[in-house]
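User: Could you take me through one part of this model up close, the sheet and the helix lying across it? After that, I'd like to hear how other parts pack.

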Amino acid sequence: MLQINPNLSDLVSDASTGLLNRLGSTASIIAAAPGRVNLIGEHIDYCDGFVMPFAIDRYIVIAGCTNGTTQARVSTALGEEIAVIDLTAPLQEGEPKWTNYLRGVIRGFQDRGHHIPGFDAFILSSVPGGAGLSSSAALECATATFLEGLLDTRLETREKALLCQKAEHDFAHVPCGIMDQFASAFGKPNRLVLIDCQSGEPELVPFENPDLTVLISNTMVHHELSDGGYALRRKHTEDGLAILGKASWRDVTAADVQTNWDKLGEPVNRRSRHVVGEISRTISAASALARNDFETLGPLMAASHDSLRDDFEVSCKELDIMVDIARKIGRNGGVIGARMTGGGFGGSTVTLCESRKASEIAATLATEYEKATGITPQIFASRPSQGAHLVQ
Ligand code: GLA
């Protein structure tokens with residue numbers, strides 16, 4: 001039942017082959033950037049909160065080379081088309097839509113005064129799209145890393161992540177926080193990327209206990225409402241903060257929300273309760289994990305899911321079903337904690353479990369989920385992996 005993660009070296013060689021077959025070019029630069037999963041701290045990266053994601057061992061790889069022209073010619077494994085992008089002027093949004101992630105990142109480099117030479121590129125991915133695992137951040141970070149190779153320059157990691165976040169804001173119109181691009185850019189093997197989103201400082205926290213396994217369960221549903229839903233949630237949190245008259249969510253207590261419940265009004269009061277609760281849960285979870293206190297960590301993950309479902313309303317039936325199955329397996333069955341991960345409205349859940357029972361747990365999750373929904377999920381284990389880097 002457990003899917004095998006495609007090997008990065010296989011992806012790299014397939015991307016080179018794709019470049020040769022599709023565009024007739026030989027790869028001289030190959031960049032890779034991973035997706036991410038978040039253990040806890042959801043929908044609070046844009047509220048000065050703490051988040052605890054890690055870079056997964058699923059990557060977007062870009063293989064390419066300069067082509068001596070003033071155009072980028074880019075193709076992917078998902079279709080035959082070759083997108084052509086004129087590089088002589090500052091880039092704007094354009095067609096096909098998926099090129100906007102690249103356009104946004106190229107524009108970020110142009111705005112820093114870089115001249116981008118014409119290039120050919122082929123893109124291959126093992127990050128499932130629409131699964132809440134940040135394939136878009138992976139594409140942005142892979143593009144930025146590819147451009148670093150092309151220009152023979154290096155951005156500071158934080159600057160690179162912020163450039164990619166701006167591309168997501170301006171060219172994909174998702175007002176995301178910093179979690180995804182930071183996880184993809186800063187990820188390291190055996191490390192969680194604990195981010196204080198107020199200071200913007202990531203801390204690499206050891207996560208190397210072989211007895212622990214992180215299972216990612218892709219529900220295979222992606223509800224289209226997500227697009228406006230994300231921006232609306234973000235607005236609710238901004239409204240909440242303004243009503244509370246505070247400069248940062250870090251200055252707000254649970255008592256502040258309770259005292260101002262009616263003034264905040266529906267649904268901003270519940271959204272606010274989520275933010276304050278999730279910030280404190282994430283701080284507690286980080287310290288529980290550091291002392292291997294799984295009896296504390298599990299319930300914190302459960303409370304996070306419930307709050308996202310009831311107060312923040314970004315879960316959906318399928319995510320709840322997957323989490324409920326994990327809960328039923330329970331601590332005796334080897335499950336430490338389970339919750340939805342990422343932006344929600346479909347996508348994936350994360351289940352922290354005992355390694356020796358991981359295959360059995362994955363099998364139960366798959367069977368029971370399919371029984372309940374008629375949908376075959378994708379379930380795979382993931383370990384913290386290397387963030388965006390040049391392979392060649
Ligand atoms: C998406 C966004 C992130 C974050 C999560 C929710 O993945 O890109 O910035 O807000 O949703 O935690």
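Analyst: Let's start with helix α12, residues 358-373, in this predicted model. Helix α12 lies across four strands, β9, β10, β11 and β12, and runs at about 15° to β9. Those strands make up an open sheet, and reading across it you get the order β10-β11-β9-β12, with antiparallel pairing. The edge positions go to β10 (335-341) and β12 (378-382); each has a single partner strand, so one side of each has no neighbour in the sheet. From one strand to the next, the twist averages 20°.

Now look at the pairing of β9 with β11. Strand β9 covers residues 212-222 and strand β11 covers residues 346-354; the two run antiparallel and are joined by eight bridges. If you want a spot to zoom in on, pick Ile216, whose bridge partner in β11 is Val350. As background, strands of a sheet pair through backbone hydrogen bonds, either parallel or antiparallel.

There's another open sheet to look at, this one of three strands in the order β2-β7-β8, again with antiparallel pairing. Here β2 (50-51) and β8 (201-206) are the edge strands, each with a single partner, so one side of each is left without a neighbour in the sheet. β2 pairs with strand β7 (residues 191-196) in the antiparallel sense, over two bridges. Val51 has Ile195 as its bridge partner in β7. This sheet has a helix packed on it too: α5 (residues 179-186) touches β2, β7 and β8, and its direction makes about 140° with that of β7.

On to helices packing against helices. Two packed helices are described by the angle between their axes and the distance between the axes. Take α9 (residues 268-290) and α10 (residues 294-310): their axes come within 9 Å and cross at roughly 160°. Since an angle over 145 degrees counts as roughly antiparallel, that is the label α9 gets relative to α10. Their crossing is left-handed. On the α9 side, the residues making the contact include Arg270, His274, Glu278 and Arg281, while α10 brings in Phe294, Leu297, Leu300 and Asp310, among others. By class, this contact has eight nonpolar, five polar and four charged residues.

Compare that with helix α3 (residues 135-151) and α4, which pack at an angle of about 125° with their axes 9 Å apart. That angle makes α3 and α4 oblique to each other, and α3 passes α4 in a right-handed crossing. From α3, the contact takes in Ser136, Ala137, Glu140, Cys141, Ala144, Thr145 and Glu148; α4 supplies Lys160, Cys164 and Glu168. Sorted by class, the contact of α3 with α4 has four nonpolar, two polar and four charged residues.

While you're at α4, have a look at Glu159. Side chains of opposite charge can pair when their charged atoms come close. Glu159 forms a salt bridge with Arg112, and the closest N and O atoms are 2.6 Å apart. Glu159 lies in α4 (residues 157-171), while Arg112 sits in the loop between α2 (99-111) and β6 (119-125), so the pair ties together parts that are 47 residues apart in sequence. If you fancy hunting for others, a search of the whole structure finds 27 salt bridges.

Conventions. Residues numbered from 1 in each chain as written. Predicted model: local features only at pLDDT ≥ 70, side-chain atom pairs only at ≥ 80, totals over all residues. Heavy atoms only, no water. Pairing = 2+ DSSP bridges. Axes fitted to C-alpha atoms, helices over the stretch in contact; angles between N-to-C directions. Contact = heavy atoms within 4.5 Å. Parallel < 35°, antiparallel > 145°, perpendicular 65-115°, else oblique. Left-handed = near helix turned anticlockwise from the far one by under 90°. Nonpolar A, V, L, I, M, F, W, Y, C, P; charged D, E, K, R; others polar. Salt bridge = Lys/Arg side-chain N within 4 Å of Asp/Glu carboxyl O.
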